[in-house]
Number of protein chains: 4
Amino acid sequence: MVEIVVSYHSGSGHTRRLVEVFSDALGELGASVHLANVENFKDADWAAMKRADAHVFAAPTYMGSVSAPYKAFMDASSDIWGSADGWQGKIAAGMTVATYPSGDKLNSLMQMAVFAAQHGMIWVGLDDIGAPVSPEQVGINEDGFCLGMGACSVRDKAQMIRASDVTTARRFALRIYEATARWTQGA
Amino acid sequence: MVEIVVSYHSGSGHTRRLVEVFSDALGELGASVHLANVENFKDADWAAMKRADAHVFAAPTYMGSVSAPYKAFMDASSDIWGSADGWQGKIAAGMTVATYPSGDKLNSLMQMAVFAAQHGMIWVGLDDIGAPVSPEQVGINEDGFCLGMGACSVRDKAQMIRASDVTTARRFALRIYEATARWTQGA
Amino acid sequence: MVEIVVSYHSGSGHTRRLVEVFSDALGELGASVHLANVENFKDADWAAMKRADAHVFAAPTYMGSVSAPYKAFMDASSDIWGSADGWQGKIAAGMTVATYPSGDKLNSLMQMAVFAAQHGMIWVGLDDIGAPVSPEQVGINEDGFCLGMGACSVRDKAQMIRASDVTTARRFALRIYEATARWTQGA
Amino acid sequence: MVEIVVSYHSGSGHTRRLVEVFSDALGELGASVHLANVENFKDADWAAMKRADAHVFAAPTYMGSVSAPYKAFMDASSDIWGSADGWQGKIAAGMTVATYPSGDKLNSLMQMAVFAAQHGMIWVGLDDIGAPVSPEQVGINEDGFCLGMGACSVRDKAQMIRASDVTTARRFALRIYEATARWTQGA
């Protein structure tokens with residue numbers, strides 16, 4: 001069984017919703033999923049991150065990059081950087097939410113990919129081609145992200161993110177699950 | 001009178017259309033505009049770039065960054081880099097086109113901004129806030145770009161880019177015109 | 001007289017040292033300089049940022065991007081984003097410090113440039129060519145940064161940064177001073 | 001046996017030297033290595049890329065991003081993008097060379113990582129911590145790159161790159177070999 005930690009910050013609930021959709025899908029696939037809210041990080045969260053096969057980073061994009069509470073978690077990880085408790089050789093992936101379709105979210109995904117590389121992790125992107133290039137895939141990765149997932153917040157509090165983001169997040173969960181299983185199997 | 005060069009590559013006409021809209025607006029504002037197609041670059045184009053107050057870089061995003069023909073022009077500029085014919089202290093801005101709203105276009109804009117910085121230029125971004133943050137600005141910078149302009153290609157050959165991109169490009173022209181006039185005036 | 005605010009975070013004193021060298025040089029040039037420590041931000045700092053002609057962003061690179069305390073300041077600026085108290089049309093520049101010559105510092109400078117673009121600011125890079133390309137300029141911008149300044153921390157607490165970083169910072173101060181004066185003059 | 005393709009462009013021989021060191025080390029480890037010069041790309045090169053378990057991208061950084069000849073190869077790969085001949089699920093890594101220690105090489109590595117993500121590939125970074133953080137590792141990854149390898153050109157034509165780059169390239173070869181073997185094994 002693969003173990004995956006999703007560490008996240010959510011300012012007003014949109015990223016939390018994305019994380020729930022994503023982790024529910026991971027659970028349905030058979031993964032052991034651990035959600036870690038960076039605003040309330042506990043020793044058990046660090047322990048889970050040490051043990052896990054894969055980490056998924058999730059945060060809103062604020063002013064063009066990952067939100068400060070999430071960055072505080074990233075900075076705190078320098079304590080285990082390069083140590084026996086470090087994350088070398090684990091799978092990593094990223095997700096971010098903003099108001100606009102582009103919204104400088106690629107910058108946050110790059111920031112997460114560089115962070116993962118500093119930890120010696122293996123980066124897995126989205127790999128999902130939506131319409132119009134794949135005309136039958138309307139509502140899948142509609143803004144054309146590749147390095148990770150970029151969702152849009154919506155004002156409807158029952159939805160929080162677009163329906164297309166829900167679909168894409170579930171497919172991204174399958175992608176991360178399969179990559180993690182393969183990587184773990186190959187060890 | 002401010003002089004502005006728009007250097008561009010257009011593979012199938014979308015970037016060419018964006019450039020025309022943008023340069024027409026610049027001309028209406030009173031700028032002297034010089035269009036330079038990088039696939040047919042002449043000595044007169046280099047001379048115009050040396051003389052101009054501002055350069056606008058325009059290219060499609062192919063496979064996540066600026067198209068190869070445009071990159072060939074960027075590489076060719078190393079001949080005048082740091083020389084008396086160089087572009088130090090000129091205004092610079094960037095525009096790119098891709099199929100998807102995000103489409104890794106931010107990566108191309110970053111690439112252009114780093115390029116401009118290598119030449120010692122002054123970078124001017126888009127600065128236009130569309131809906132939903134500015135609810136009355138529906139159809140303006142709808143994908144939320146900041147570092148420059150990101151447009152979407154459309155399949156209708158009469159349009160080539162979205163109506164919102166036409167509106168945004170005209171407003172971006174005003175932004176660049178005013179910044180160039182101010183910078184020139186201050187010399 | 002041009003007014004310049006240098007907002008900074010310094011974890012162990014290296015960035016603070018860089019900021020002092022830089023702001024001393026600005027002062028010698030005749031600028032009015034306001035230093036704002038983001039860990040102790042006051043209303044007077046926000047007021048100075050509203051009033052200033054230019055902002056210089058300075059922070060260490062931690063785990064591949066701008067330190068969390070500095071990011072918290074960036075996020076806090078969303079309160080004045082796009083408002084009458086905003087920074088539209090001001091000059092912006094960036095500086096960062098890390099242990100290694102590259103050290104993913106370019107990622108922090110990109111993050112700062114995207115942030116400045118979100119605020120509608122005008123980005124001014126380093127524009128200083130050191131050895132070996134300019135053989136006589138040994139000890140100037142020795143790592144080849146362009147988008148802003150990247151310094152290296154040293155363990156000697158009396159120095160904090162390399163001698164070459166001190167020299168480069170003073171030249172960068174002149175660059176920012178002149179750009180700000182020109183931009184202000186042109187208004 | 002793992003198969004690895006190193007596709008490269010080399011303008012004046014520095015990248016070619018880096019690629020040779022790297023691929024020799026791969027060969028010593030037991031990998032089947034295919035070198036593909038993008039300036040002379042043949043059908044056999046495309047066939048090798050389809051067949052390989054991993055791709056390593058290697059190019060100089062010119063004017064802040066991947067050289068135009070290498071970008072032309074990247075653009076040409078759009079013909080097989082998302083097709084049965086595509087590179088989905090393969091391992092990818094990147095190397096670049098420039099004059100300066102930083103030299104905007106991180107921008108080229110980001111460009112390569114975004115490119116790999118567009119192709120649905122799995123990105124493996126450098127993961128090698130040199131001095132001063134690891135004091136005994138003097139001369140290893142001395143400029144502190146993470147997302148991939150960044151080397152410095154030297155003027156001595158017998159060397160072409162620094163001795164530390166040779167050492168780092170050999171260690172990077174081991175990293176890529178092991179990751180590819182593990183990923184292949186897990187399929």
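**Exercise on a proline and a loop**

Find the element of chain C that holds C:Pro132, and state the geometry of the peptide bond from C:Ala131. Then do likewise for D:Pro132.

*Solution.* This is a predicted model, in which local features need pLDDT of at least 70, side-chain atom pairs count only at pLDDT 80 or more, and totals for chains, interfaces and linings use all residues. Residues are numbered from 1 along each chain as its sequence is written, while chains are lettered from A and ligands numbered from 1 in the order in which they are written.

- Step one: C:Pro132 sits in the loop between strand S6 (122–124) and strand S7 (149–152) of chain C. Helices (H or I, at least four residues) and strands (E, at least two) are DSSP runs, numbered from the N terminus.
- Step two: the bond from C:Ala131 to C:Pro132 is cis, with omega near 10°.
- Step three: in chain D, D:Pro132 lies in the loop between S6 and strand S7 (149–152), and the bond from D:Ala131 to D:Pro132 is cis, with omega near 5°.
- Step four, for context: most peptide bonds are trans, and most residues other than glycine have a negative phi.

**Exercise on backbone angles**

What is the sign of phi at A:Asn141, and is A:Asn141 buried or exposed? Treat B:Asn141 next.

*Solution.*

- Begin with phi: A:Asn141 has a positive value, near 45°, in a residue other than glycine.
- Place the residue: A:Asn141 belongs to the loop between S6 and strand S7 (149–152) of chain A.
- Count neighbours: 25 other C-beta atoms lie within 10 Å of A:Asn141, so A:Asn141 is buried. The cut-offs are 20 or more such atoms for buried, 12 or fewer for exposed, and partly exposed in between, with C-beta atoms placed from the backbone.
- Turn to chain B: B:Asn141 has a positive phi of about 45°, stands in the loop between strand S6 (122–124) and strand S7 (149–152), and is buried with 26 other C-beta atoms within 10 Å.

**Exercise on strand pairing in chain D**

Work out how S1(D) pairs with S2(D) and with S3(D).

*Solution.*

- Pairing here means that DSSP finds at least two bridges between two strands.
- S1(D) and strand S2 (residues 32–37) of chain D run parallel over six bridges; one of the partner pairs is D:Tyr8 with D:Asn37.
- S1(D) is also joined by five bridges to strand S3 (residues 54–62) of chain D, again in parallel, with D:Ile4 bridged to D:Ala54.
- Five of the six residues of S1 (residues 3–8) are buried, so S1(D) is largely enclosed by the rest of the structure.
- Add the helix: S1(D), helix H1 (residues 14–29) of chain D and S2(D) form a right-handed β-α-β unit. Right-handed means that, with the strands pointing away from the viewer, the path from the first strand over the helix to the second runs clockwise.

**Exercise on the side of chain A that touches chain C**

Which elements of chain A give two or more residues to this side, and how is chain A related to chain C?

*Solution.*

- Contact means C-beta atoms, placed from the backbone, within 7 Å. By this test, 19 residues of chain A meet 18 residues of chain C.
- The elements are helix H3 (68–76) and helix H4 (105–118) of chain A, and H4(A) gives the most, with six residues.
- Now superpose by least squares on the C-alpha atoms of residues with pLDDT of at least 70 in both copies. A turn of 180° and a shift of 0.0 Å along the axis lay chain A on chain C with an RMSD of 0.0 Å. The two copies are therefore related as by a two-fold rotation axis.
- Of the residues of chain A, A:Ala68 comes closest to the axis, at 2.8 Å (C-alpha).
- Because 95% of the interface residues of chain A are also interface residues in chain C, the copies meet through the same surface.

**Exercise on the side of chain A that touches chain D**

Which residue is the bridge partner of A:Trp123 in S6(D)?

*Solution.*

- Set the scene: 22 residues of chain A are in contact with 22 residues of chain D.
- H4, strand S6 (122–124) and helix H5 (163–185) of chain A each give two or more residues, and H4(A) gives the most, with five.
- S6(A) pairs with strand S6 (residues 122–124) of chain D in the antiparallel sense over three bridges.
- The partner of A:Trp123 is thus found in S6(D): D:Trp123.

Terms used
Two residues are in contact if their C-beta atoms, placed from the backbone, lie within 7 Å.
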